[in-house]
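Notebook open, structure loaded. I want to go through the open and closed spaces first, then the packing around them.

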Amino acid sequence: MKKILAWVLALSLLLCGAAFAEEAEEVHVKVGVVGENNEQWEQVIIPTLAEEGIIIELVKFSDYIIPNQALAQGEIDMNAFQHYDFMNNWNEENSAAYGVTLVGLCDTLIAPLCIYSDKITSLDELKEGDQIAIMNDVVNEARALRMLASTGLITLSEDSTELATVADIAENPLGLEFVEMEAALTPTAMKDPAIAIAFLNGTHAKDAGLTNDQALLVEEFDFDDESMHGIVNNIAVRADDIDNPVYQRIAEVYQSDEVRALFDTVYAGVYLPAWEAADETTEATDEATEAADEAADEAETEEPAAE
């Protein structure tokens with residue numbers, strides 16, 4: 001009887017130990033996101049990594065201000081809502097105060113800025129004095145102004161920087177009035193009778209049920225133009241965590257074929273997969289370089305023609 005009890009006790013301890021070890025192996029990661037469009041996390045990344053013992057918790061924010069503060073203060077482990085220009089601007093303005101620098105763990109998506117309206121069907125219909133809802137963060141405001149300048153509706157001063165503001169508008173023939181606000185508010189502002197058009201970021205446009213096809217103007221993106229990489233979205237982490245193997249694994253799953261498939265379904269007409277386009281550009285560049293090298297080698301081996 002004592003032997004049986006001893007065996008049962010030993011087996012119980014073994015099972016408890018195994019359960020404790022399994023629990024101890026779990027790694028919990030808090031990811032800050034903005035808005036409700038998180039299908040890549042909820043449908044693919046979270047369930048995939050849960051099988052590997054990486055438990056992801058989404059921490060949802062309603063604006064673009066708090067997620068970086070939360071990351072810098074260690075309240076979350078990473079965030080996925082911003083592009084490189086926004087992150088770099090945050091670093092310039094806040095890194096010294098927080099003692100933290102944020103870096104991009106990986107490229108995620110491209111969310112073109114769009115102009116929407118429920119009152120007009122073309123920018124040609126804008127009238128003198130019409131009001132425009134525009135985001136008030138310096139990076140996205142500059143993007144919006146450059147878009148509008150490309151149409152000829154306004155002209156920016158020659159000495160304006162890449163972070164142009166409304167104050168940098170040199171010519172405004174229609175006397176358009178710019179109503180600056182937090183990016184999350186522009187979809188609601190569009191419904192205001194006084195607002196003729198509104199600039200919407202991709203996340204907020206999708207939350208509002210809008211697609212790029214409904215926009216009056218969509219921001220152009222050229223992967224061959226390296227200067228445009230700044231508007232590619234990323235997963236941001238603290239610089240000291242960039243080599244964390246768990247975080248690197250999260251990046252791998254984000255850039256998987258399963259997530260890529262969502263861009264053809266759930267995110268069709270709103271987002272583009274940043275990593276795939278980058279890979280295609282790199283591959284095309286490599287192929288072009290290889291072809292040029294082969295042509296040069298052939299030219300060198302050819303004998304000069306007889307005169």
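**Largest pocket.** I started with the largest pocket, which comes out at about 570 Å³. This is a predicted model, so everything I note here is read from a prediction. I counted 19 residues in the lining of this pocket, and those nearest its centre are Asp85, Arg143, Arg146, Ser227 and Ile231. Which element gives the largest share of the lining? I looked, and α5 does, with 6 residues. At least two lining residues each come from α4, α5 and β11 (217-218). Sorted by class, I get 8 nonpolar, 4 polar and 7 charged residues in the lining of the largest pocket.

**Second largest pocket.** Next I went to the second largest pocket, with a volume of about 280 Å³. Its lining has 16 residues, and Tyr64, Ile65, Phe86, Trp90 and Asp137 sit nearest the centre. Two or more lining residues come from each of α3, α4 and α5. Here the largest share, 6 residues, belongs to α4. The class split for the second largest pocket is 8 nonpolar, 5 polar and 3 charged.

**Cavities.** How many cavities of 30 Å³ or more does the structure hold? I found 2. The largest cavity takes up about 180 Å³. Of its 15 lining residues, Gln40, Ala80, Phe81, Leu109 and Thr203 are the closest to the centre. I noted β1 (27-34), α2 (39-50), β4 and β12 as the elements giving two or more residues to that lining. The lining of the largest cavity has 8 nonpolar and 7 polar residues, and no charged ones.

The second largest cavity has about 110 Å³ of space. I listed its lining as Tyr64, Phe81, Gln82, His83, Phe86, Ala111, Asn140, Arg143, Asn201, Gly202, Thr203 and Asn233. α5 and α7 (202-207) are the elements that give two or more residues to this lining. By class I get 4 nonpolar, 7 polar and 1 charged residue for the second largest cavity.

Some names kept turning up. Arg143 is one of the residues nearest the centre of the largest pocket, and Arg143 is also in the lining of the second largest cavity. Tyr64 and Phe86 are among the residues nearest the centre of the second largest pocket, and both are in the lining of the second largest cavity.

**Thr203.** I stopped at Thr203, since that residue is among those closest to the centre of the largest cavity and also lines the second largest one. Threonine 203 belongs to helix α7. Buried or exposed? Threonine 203 counts as buried because its relative accessibility is 16%, and the cut-off for buried is under 20%. Leaving out residues up to four places away in sequence, I see threonine 203 touching Val34, Gly35, Asn37, Tyr64 and Tyr271. I also checked valine 270, which is 67 residues from threonine 203 in sequence but 8.6 Å away in space, C-alpha to C-alpha.

**Helix α4.** Then back to α4, given its share of the second largest pocket. This helix, residues 84-98, has a kink of about 45° centred on glutamate 92. I marked Tyr84, Phe86, Met87, Asn89, Trp90, Asn91, Asn94 and Ser95 as buried in α4. The cover over those buried residues includes α3 (66-72), β4 (102-110), α5 (138-150) and β12 (232-238). After α4 comes glycine 99, with a positive phi near 70°.

**Cores.** Nonpolar side chains tend to be buried together in soluble globular proteins, and I wanted to see the grouping here. The largest nonpolar core has 41 residues, and Leu148, Phe178 and Phe199 touch the most other members. Two or more residues of this core come from each of α3, α4, β4, β6 (131-135), α5, β10 (195-200) and β12. I followed phenylalanine 178 outwards: beyond its neighbours within four places in sequence, its contacts are Ile132, Ile134, Leu145, Leu148, Ile154, Val166, Ile169 and Asn172. Another core, of 31 residues, lies apart from this one and includes Ala80, Leu105, Val246 and Val270.

**Whole chain.** Last, the totals. I count 10 helices and 13 strands in the protein chain. Of its 307 residues, 44% are buried. Taking contacts between residues at least 6 apart in sequence, 74% join residues at least 24 apart.

Notes: Residues are numbered from 1 along each chain as its sequence is written. This is a predicted model: local features need pLDDT of at least 70, side-chain atom pairs count only at pLDDT 80 or more; totals for chains, interfaces and linings use all residues. Side-chain values use heavy atoms; hydrogens and water are left out. The bend at a residue is the angle between axes fitted to the seven residues ending there and the seven starting there. Helices (H or I, at least four residues) and strands (E, at least two) are DSSP runs, numbered from the N terminus. Buried means under 20% relative accessible area, exposed over 50%, partly exposed in between (1.4 Å probe, protein chains only). Contact means heavy atoms within 4.5 Å. A nonpolar core is a set of buried Ala, Val, Leu, Ile, Met, Phe, Trp, Tyr and Cys residues joined through side-chain atoms within 4.5 Å. On a 1 Å grid over the protein atoms alone, a cavity is a set of points where a 1.4 Å probe fits but cannot get out, and a pocket is an open set with protein on both sides within 12 Å along at least five of seven lines; lining residues have an atom within 4 Å of a point. Grid points are joined across faces, edges and corners, and a volume is the space filled by probe spheres set on the points. Ala, Val, Leu, Ile, Met, Phe, Trp, Tyr, Cys and Pro count as nonpolar, Asp, Glu, Lys and Arg as charged, and the others, Gly among them, as polar.
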